[in-house]
Amino acid sequence: MHRRIITPGALAAASLMLAIPASAASYSPGAPGIGDPYYPDYGNGGYDVSHYDLRLQYQPATDELAGTATILAKTTQDLSSFDLDFLLDVSEVRVNGAKASFATSGQHELVVTPKTPLAKDTPITVVVRYSGVPSTKTAYGFNTWHRTPDGAVAADEPEAAWWWFPSNDHPLDKATYDVSVAVPDGTQVLSNGTLQSTSSKLGWTRYSWRENKPQATYLATLAVGKFDITTGTSEGGVPIVNAYSKDLGDNDGAARASVERTGELVDWLSGYFGPYPFSSAGGYVPNTTTGYALETQTRVYYSPKQFAKGANTSLVVHELAHQWYGDDVSLKGWKDIWLNEGFASYAQWLWSEHEGEGTTQQLADYVYASHPADDAFWKVKPGDPGPDNQFDAAVYDRGALAVQALRNEVGDDAFFAILKGWPKEHAYGNASIADFQAYAEQVSGKSLSALFDTWLYQPVKPAAPAARAASIAGAAAPVQPKSWKKIAATNDVH
Ligand SMILES: [Zn+2]
């Protein structure tokens, strides 16, 4: 989504600033990146976070955000210093109670040097006191903090945290969250999970949200504004919290006609993916001018524009499917994005079939036929698209084709066992495409190397569509599914 080039020089400069004290020669700085080749300085090395506690105050009139982050972590090496990813202005850092020195480095690194070096496998408590105006901060020339007429929103991929809390910003380091934000009375705060409490004093109302299951940093969301909040429980027992900006204009009806079906769709998806993995579900529609949605954990972010043509339940299905494929089981590296988008897109095909708007096979045949062999679409490898094509249409549409190809190869029984077993196999953890292939081979008893290579890793149009060998001969002429138009532009969906 974001196009940029990370220069090796920037990383080298970051490393040079980290001098090792002579008295602690065995201790070294944590790496400024977690080791993802797509984004070399995203995340950090040397520690693993278990919990973020954010106690903040936000003034919509001025876009000023201030407060304290308390981060519980454990060191994974002997550390003389370590980095956090962050852009706001820091006034104090403490590590295990003692004041630490700190400096900024690179595009978004906050380098923290504790008073005494930290031994490997030590629990640490890091307190960062900060303030700033998020809309004025950029890294790589961009800013993903969205201001709205009555507040602001943090929801983007793969980076959104830098503008509102210091973190180890990579999906590999998942943690639980308490997000408590005070805003002027009459304004509301949304975040992930469940609302634990609200309280008001001195003209400010504080909202305290809790996500009690591990969550990737990019899936943490914050929305401040004036919302109409609806609550309920799905038939299957999942608590639902949805919210709509009071300023959605003509899109208000279609937004509600889509997002109010969250409970029904969570229950329906549970039939394919297994029990819903989190303690609440829902979505929110702020009055932003963006054009995408994001699977922010338990509380999906939707742009009003996505409801301009009417209700869009297919979009809601896509984002809710991510709660299993992306949020519960997160990718290990950003090149594994097919595990998120291929399956969320395939869930839309299952929904289309459920709605009588084209079967998954018809949709697969249609996508295959609609891109000629010389179409650039086939040059993007869904299994390793590169950072510039991470959200290319091919990752979604060819990605879903790959899922249909898998289904046809292993048969429905094994396929649906894989679909439902995978979220359980790696619950609340991380996995790669290689892990998925191994799992699918284990469940199906078939070698799938050639299939995965053909559909995910070759930059050419596969020779044959993902057809069922047994049924293709007697198949009727391909039908253009009625729903296709609304699914076609999936690259504005995350
Ligand atoms: Zn998606």
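This tour moves from the whole chain to the loop residue N251 and then to the helix that follows it.

The model is predicted, so local features need pLDDT of at least 70 and side-chain atom pairs count only at pLDDT 80 or more, while totals for chains, interfaces and linings use all residues. Residues are numbered from 1 along each chain as its sequence is written, and side-chain values use heavy atoms, with hydrogens and water left out.

Begin with the whole chain selected: 12 helices and 21 strands are present, where helices (H or I, at least four residues) and strands (E, at least two) are DSSP runs numbered from the N terminus. Of its 494 residues, 58% count as buried, meaning under 20% relative accessible area with a 1.4 Å probe and protein chains only. Among contacts (heavy atoms within 4.5 Å) with a separation of 6 or more, 71% join residues 24 or more positions apart.

Next, select N251, which lies in the loop between β17 (239–245) and α2 (252–259). N251 counts as buried because its relative accessibility is 19%. Leaving aside residues up to four places away in sequence, show P304, K305, F307 and A308, which N251 touches.

Now select α2 and colour its buried residues, A254, A255, S258 and V259. Viewed down the helix axis, these buried residues fall within an arc of 115° and so line one face of α2, the arc being that of the directions from the helix axis to the C-beta atoms. Finally, add β17, α3 (262–273), β18 (283–285) and α4 (313–321), which are among the elements covering the buried residues of α2.

Technical notes:
Buried means under 20% relative accessible area, exposed over 50%, partly exposed in between (1.4 Å probe, protein chains only).
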